[in-house]
Amino acid sequence: MDFIPFTLIDLIDIVLVAAIMYWIYRMTRGTNAPYIFSGIIAIYLLWVVTRALNMELLSSMLGQVISVGVIALIILFQPELRRFLQLIGLRQKHFNFITRIFSVGEEEQASLNIEPIVSACRDMAETKTGALIVIRQESDLRLIAEGGIAMDAKTSVSLLKNIFFKNAPLHDGAVLIEGDRIVAAKCILPVTQADVPKDYGTRHRAAIGMSEISDAIIVIVSEETGGISIAQGGELRRNIEPARLHQTLQRYLVRNEGRRAKRQADEARKHGLRRLWNNTFHSKQE
């Protein structure tokens, strides 16, 4: 009896498929996607059985459903697929040149002034005024801004407190800050699909969801407790002391600046090596 040939490539293939399936499971856990996927599998198994039993009419009907399965999957899993592609794009830093190509001609973002943000959050924490502030880093957040109310105003303590005042028309949703300006208010953020503690409110879930698809820093003030939290990279740090908010926020910004400087240094080194290679190659040709 001959054994089925099993090579290293087969092992790598199995491991990769298992990793992809586990990643999909982690992303869709807590949503309706697993139930939809189970229904699709049930239809496929029924189609296999009807074909084996030569049930021509039912088999042909199910075959028509299976034939458009890819399109149906794209339609049914549109939110999950969009989030999946966003996560891939966010983590593939090697393709930052694509972002730079589409960002040609944009004005340089002014430096961020965190003092108004810190002061406003401290005051709102004392009065238990709910707030959700998104601080843009490098990710393009134009879609988030377009979903809110455009403002383009200089960031100030009074303006932030007025926006999040309970009876203000713009207090619902998030404020988007780029540099020293408030770009938009009442922005709708994507809510995380990950398993989080049940005591997390809508603001905290939205902050985590936003941090999963961008490198933005999100500051949350709880309306129930007045507690201050910061979300970035899919992680949430809760109950930050108002007196330590400036230091904590500065630490997040410094960490991002360090990563940005490292990427720029790597790109400069690659560019220098490429230029040296070209100069050497051309000199040999001459």
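**Notebook: surface patch and cores**

I looked up valine 48 and found this residue partly exposed, at a relative accessible area of 37%. The model is a predicted one. Valine 48 sits in helix α2. I note that 37% lies between the 20% limit for buried and the 50% limit for exposed, which is why I enter the residue as partly exposed.

**Entry: the patch**

I next asked which residues join Val48 in a nonpolar patch on the surface. They are Val17, Ile20, Met21, Ile24, Phe37, Ile41, Tyr44 and Leu45. Together with Val48, these residues carry about 790 Å² of accessible area. I traced the patch to its helices: α1 (8-28) and α2 (33-52) each give at least two residues. Helix α2 supplies the largest share, five residues.

**Entry: the chain as a whole**

I recorded 11 helices and seven strands in the protein chain. The chain has 286 residues, and 31% of them are buried. Its exposed surface comes to about 18900 Å², with 61% supplied by carbon and sulfur atoms. I also checked contacts between residues at least 6 apart in sequence: 59% of these join residues at least 24 apart.

**Entry: the largest nonpolar core**

In soluble globular proteins, nonpolar side chains tend to be buried together. I therefore turned to the interior, citing that tendency as my reason. The largest nonpolar core holds 27 residues, and those touching the most other members are Cys121, Ile133, Leu160, Val175, Val219, Ile230 and Leu249. I listed the elements giving two or more residues to this core: the helices α7 (115-126), α9 (157-163) and α11 (245-285), and the strands β1 (131-135), β3 (174-178), β4 (181-187), β5 (217-221) and β6 (228-232). The largest share, six residues, belongs to α7.

What does isoleucine 133 contact, leaving aside its neighbours within four places in sequence? I found Ile117, Cys121, Leu160, Phe164, Val175, Ile177, Ile217, Ile218 and Val219. Apart from this core lies another, of 22 residues, including Val134, Ala145, Ile208 and Leu236.

**Entry: helix α7**

I then examined α7, the helix with the largest share of the 27-residue core. Helix α7 has 12 residues and spans 17 Å from its first C-alpha to its last, close to the 16 Å expected at 1.5 Å a residue. Its buried residues are Pro116, Ile117, Val118, Ala120, Cys121, Met124 and Ala125. Ile117 and Cys121 also appear among the contacts of Ile133. After α7 comes lysine 128, where I noted a positive phi, near 55°.

Terms used
Residues are numbered from 1 along each chain as its sequence is written. This is a predicted model: local features need pLDDT of at least 70, side-chain atom pairs count only at pLDDT 80 or more; totals for chains, interfaces and linings use all residues. Side-chain values use heavy atoms; hydrogens and water are left out. A nonpolar core is a set of buried Ala, Val, Leu, Ile, Met, Phe, Trp, Tyr and Cys residues joined through side-chain atoms within 4.5 Å. Buried means under 20% relative accessible area, exposed over 50%, partly exposed in between (1.4 Å probe, protein chains only). Helices (H or I, at least four residues) and strands (E, at least two) are DSSP runs, numbered from the N terminus. Contact means heavy atoms within 4.5 Å. The expected span of a helix is 1.5 Å times one less than its number of residues. Patches are made of residues with over 30% relative accessible area and no salt bridge: like charges are joined within 9 Å, nonpolar side chains (Val, Leu, Ile, Met, Phe, Trp, Tyr) within 5 Å. Accessible areas come from the Shrake-Rupley method with a 1.4 Å probe; for residues, only the protein chains shown count as cover. A salt bridge is a side-chain nitrogen of Lys or Arg within 4 Å of a carboxyl oxygen of Asp or Glu.
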